[in-house]
Amino acid sequence: MWQSKNNGPQVQQLQEELIFSMEGFKPYGWYLTLVQFAFYSIFGLIELQLIQDKRRRIPGKTYMIIAFLTVGTMGLSNTSLGYLNYPTQVIFKCCKLIPVMLGGVFIQGKRYNLADVSAAVCMSLGLIWFTLADSTIAPNFNLTGVMLISLALCADAVIGNVQEKAMKLHNASNSEMVLYSYSIGFVYILLGLSCTSGLGPAVAFCSKNPVRTYGYAFLFSLTGYFGISFVLALIKIFGALLAVTVTTGRKAMTIVLSFIFFAKPFTFQYVWSGLLVVLGIFLNVYSKNMDKIRLPSVYNLMNKAMDVKKSRTLAQTV
């Protein structure tokens, strides 16, 4: 069951790139977020009706904060695709571990070990290298996109820690979290688009080709909803940091598929910087499973090398 849900966001992100590849759609990232929030609210309401306990456990004020942060992370992330190469956006999302760790320290008072810090450093260096490569060869690179996705990640880091704290404190269900946070977020975005006169042009554009816009948006939202349910379950059971690690590993495959299905400039700097990010993911996973994963120390490696050298010397003497 977990496997199918984990594949959801990977399909969802490719569908997101497909939507933004439509000519003329890039200015309407916030409207896509509005439609996405509407579908998520409907899905959450349906799922909530299937469980016995339908009471709202988390206070409304907490949901208003979570909804605001969710609007920020998803809206800014969607809008950034109008300025960034898609793999660059994904590699930024891969490095969500960095703000999540900072949020864990300041919001929940957590402490992290050397492996976690090393993971954050590797991801930071990989991210910088990837961005520099993208700015060199990508025709649509724009610092505005970098700022948008960076702000989205900061909001996302706060969300993970606030959700973890609220769900564990009030023992709330995933469907409750999705329903209230996204329905309140829908109201926020609707008010924002109405006040900025951004609703009318977006509706007019999508009405010209409803199948490719609303149809893709429905599939985009459906697969995304499965992914959100999976991530919320991870946050509730294992914590925000492990949830980010799992979703980050999945994003690596998304980048590969993006280069395969959508033509874009390529350089091997993408590969080396991506490997740095993967090393950061491994270090993070290792820090959470030190009792199960035993890496050889430098001293043991040197001893083994000396033993091999001695055996070769004896064999040559004989």
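Helices, taken as H or I, need at least four residues and strands, taken as E, at least two; both are DSSP runs, numbered from the N terminus. The exercises below use these elements in a predicted model.

**Exercise 1. Describe the overall make-up of the protein, beginning with its secondary structure.**

Solution. The secondary structure comes to 13 helices and 0 strands, and from the N terminus on the elements run α-α-α-α-α-α-α-α-α-α-α-α-α. The next step is to turn to burial, where 48% of the 318 residues of the protein count as buried. The protein exposes about 16,000 Å², and carbon and sulfur atoms supply 69% of this area. Finally, among contacts between residues at least 6 apart in sequence, 87% join residues at least 24 apart.

**Exercise 2. Where does Ser197 lie, and is Ser197 buried or exposed?**

Solution. Ser197 is found in the loop between α8 and α9, the latter covering residues 199-208. Exposed means over 50% relative accessible area, and because Ser197 has 58% relative accessibility, Ser197 counts as exposed. The backbone adds a further detail, for phi of Ser197 is near 60°, a positive value in a residue other than glycine. Most residues other than glycine have a negative phi.

**Exercise 3. Work through the loop between α7 and α8, taking Asn171 and then Ala172.**

Solution. Asn171 lies in the loop between α7 (143-170) and α8 (174-195), and phi of Asn171 is near 55°, which is again a positive value in a residue other than glycine. Partly exposed covers the range between the cut-offs of 20% and 50%, so Asn171, at 48% relative accessibility, counts as partly exposed.

Ala172 lies in the loop between α7 and α8 as well, yet Ala172 is buried, with a relative accessible area of 0%. When residues up to four places away in sequence are not counted, Ala172 touches Arg57, Ile58, Met167 and Lys236. Ala172 and Arg56 are 116 residues apart in sequence, while their C-alpha atoms are 7.7 Å apart in space.

**Exercise 4. Check whether the span of helix α3 agrees with its number of residues, and then describe how far α3 is covered.**

Solution. Helix α3 takes in residues 60-80, which gives 21 residues. The expected span is 1.5 Å times one less than the number of residues, so α3 should span 30 Å. The end C-alpha atoms of α3 are 30 Å apart, which agrees with that expectation. As for cover, α3 is mostly covered, with 15 of its 21 residues buried.

**Exercise 5. What does Ala133 touch, and is Ala133 buried or exposed?**

Solution. Ala133 lies in helix α6, residues 114-137. Because the relative accessibility of Ala133 is 2%, Ala133 counts as buried. Leaving out residues up to four places away in sequence, Ala133 touches Thr267, Gln269 and Tyr270. Ala133 and Ser273 are 140 residues apart in sequence and, from C-alpha to C-alpha, 8.9 Å apart in space.

**Exercise 6. Describe the second largest cavity and its lining.**

Solution. The count comes to 2 cavities of 30 Å³ or more, and about 50 Å³ of space lies in the second largest cavity. The second largest cavity is lined by Ile19, Phe25, Tyr31, Leu32, Val35, Cys206, Thr213, Tyr214 and Ala217. The elements that give two or more residues to this lining are α2 (29-49) and α10 (210-238). By class, the lining has 8 nonpolar, 1 polar and no charged residues.

Terms used: Residues are numbered from 1 along each chain as its sequence is written. This is a predicted model: local features need pLDDT of at least 70, side-chain atom pairs count only at pLDDT 80 or more; totals for chains, interfaces and linings use all residues. Side-chain values use heavy atoms; hydrogens and water are left out. Buried means under 20% relative accessible area, exposed over 50%, partly exposed in between (1.4 Å probe, protein chains only). On a 1 Å grid over the protein atoms alone, a cavity is a set of points where a 1.4 Å probe fits but cannot get out, and a pocket is an open set with protein on both sides within 12 Å along at least five of seven lines; lining residues have an atom within 4 Å of a point. Grid points are joined across faces, edges and corners, and a volume is the space filled by probe spheres set on the points. Ala, Val, Leu, Ile, Met, Phe, Trp, Tyr, Cys and Pro count as nonpolar, Asp, Glu, Lys and Arg as charged, and the others, Gly among them, as polar. Contact means heavy atoms within 4.5 Å. Accessible areas come from the Shrake-Rupley method with a 1.4 Å probe; for residues, only the protein chains shown count as cover.
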